[in-house]
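Reader: I've got a few labels I'd like to pick apart. Can you walk me through what stands behind them?

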Amino acid sequence: IIEPWDIVGELCSELYPAGTPQSEMFRDDADVRQAFGACVDAAGQADVVISFLPEASMGSAVELHAAQKAGRHILVVAPGSMAGNWVVRSYADHVFENIDALSSWLAVHVQRS
């Protein structure tokens, strides 16, 4: 499981000295590009991407695009009107109304070893 915030956190430990206040991080556009690129690359390399989209997210849209371009399987939890979002409709292999629906689907379709 890859959490984008974990990727960014690891990168922060490489870019900034310990104790750097969060408000001082990512002031440089090059650092932002590096962090965003690392998250997008991870989506493209994952076996399966699960995205929770209760609202539109430009970052998630780019990650889903990268995942689809790489041929990855994409599962999206898109409550309410988000199920009709064009990004969701364009990239998701399966769309779920909520986490419980995703969990039920996974229980049927994923074998545990």
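**What the labels rest on**

Author: Let's start with Ser 60: its relative accessibility is 15%, so this residue counts as buried. Keep in mind that this is a predicted model.

Reader: What makes 15% count as buried for Ser 60?

Author: The cut-off for buried is under 20% relative accessible area. Ser 60 has 15%, so the label follows. The residue sits in helix α3, which covers residues 58–69. Leaving out residues up to four places away in sequence, Ser 60 touches Ser 51 and Leu 53.

Reader: Ser 51 turns up there. Is Ser 51 buried or exposed, and how do you know?

Author: Buried, because its relative accessible area is 8% and the label needs a value under 20%. Ser 51 belongs to strand β1. Beyond four places in sequence, it touches Ser 60, Leu 64, Leu 75, Val 76 and Val 77.

Reader: Why is Ile 50 called partly exposed?

Author: Partly exposed is what lies between the buried label, under 20%, and the exposed label, over 50%. Ile 50 comes out at 45%, so it gets the label in between. Ile 50 is in strand β1, residues 48–52.

Reader: Which residues does Ile 50 touch, leaving out those up to four places away in sequence?

Author: Leu 75 and Leu 102. With Leu 102, the sequence gap is 52 residues, and the C-alpha atoms are 9.4 Å apart.

Reader: How do you know that a touch is a touch, with the C-alpha atoms of Ile 50 and Leu 102 9.4 Å apart?

Author: A contact is judged on heavy atoms, and they have to be within 4.5 Å. The 9.4 Å goes from C-alpha to C-alpha, while the touch between Ile 50 and Leu 102 is a contact in that heavy-atom sense.

Reader: On to charges. What makes Glu 24 and Arg 27 a salt bridge?

Author: The test is a side-chain nitrogen of Lys or Arg within 4 Å of a carboxyl oxygen of Asp or Glu. For the side chains of Glu 24 and Arg 27 the N to O distance is 3.4 Å, so the pair passes that test. Side chains of opposite charge can pair when their charged atoms come close. A search of the whole structure turns up 1 salt bridge.

Reader: Do the two partners get the same exposure label, or different ones: what are the labels of Glu 24 and Arg 27?

Author: Glu 24 is partly exposed, because its relative accessibility is 40%. Arg 27 is at 59% and so counts as exposed, since that label takes values over 50%.

Reader: What is odd about the phi of Phe 26?

Author: Phe 26 has a positive phi of about 60° although this residue is not a glycine. It is in the loop between α1 and α2. With a relative accessible area of 25%, Phe 26 is partly exposed.

Reader: And which residues does Asp 31 touch, apart from those up to four places away in sequence?

Author: Leu 15, Tyr 16 and Phe 26. Asp 31 lies in helix α2 and is buried, because its relative accessible area is 15%. Its C-alpha is 9.0 Å from that of Leu 11, and 20 residues separate the two in sequence.

Reader: Which residues form the negative surface patch?

Author: Glu 3, Asp 6, Glu 10 and Glu 14 form it. Asp and Glu count as negative, and a patch takes residues with over 30% relative accessible area. Asp 6 has 55%, so it is exposed; this residue lies in helix α1, residues 4–15.

Reader: How many charges of each sign does the protein have?

Author: There are 6 positive and 15 negative charges, with their mean positions 7 Å apart.

Reader: And how many helices and strands are there?

Author: The protein has 5 helices and 3 strands, running α-α-β-α-β-α-β-α from the N terminus on. Buried residues account for 30% of its 113 residues. Of the contacts with a separation of 6 or more, 44% come from residues 24 or more positions apart.

Notes:
Residues are numbered from 1 along each chain as its sequence is written. This is a predicted model: local features need pLDDT of at least 70, side-chain atom pairs count only at pLDDT 80 or more; totals for chains, interfaces and linings use all residues. Side-chain values use heavy atoms; hydrogens and water are left out. Helices (H or I, at least four residues) and strands (E, at least two) are DSSP runs, numbered from the N terminus. Buried means under 20% relative accessible area, exposed over 50%, partly exposed in between (1.4 Å probe, protein chains only). Patches are made of residues with over 30% relative accessible area and no salt bridge: like charges are joined within 9 Å, nonpolar side chains (Val, Leu, Ile, Met, Phe, Trp, Tyr) within 5 Å. Accessible areas come from the Shrake-Rupley method with a 1.4 Å probe; for residues, only the protein chains shown count as cover. The place of a charge is taken as NZ of Lys, CZ of Arg, CG of Asp or CD of Glu.
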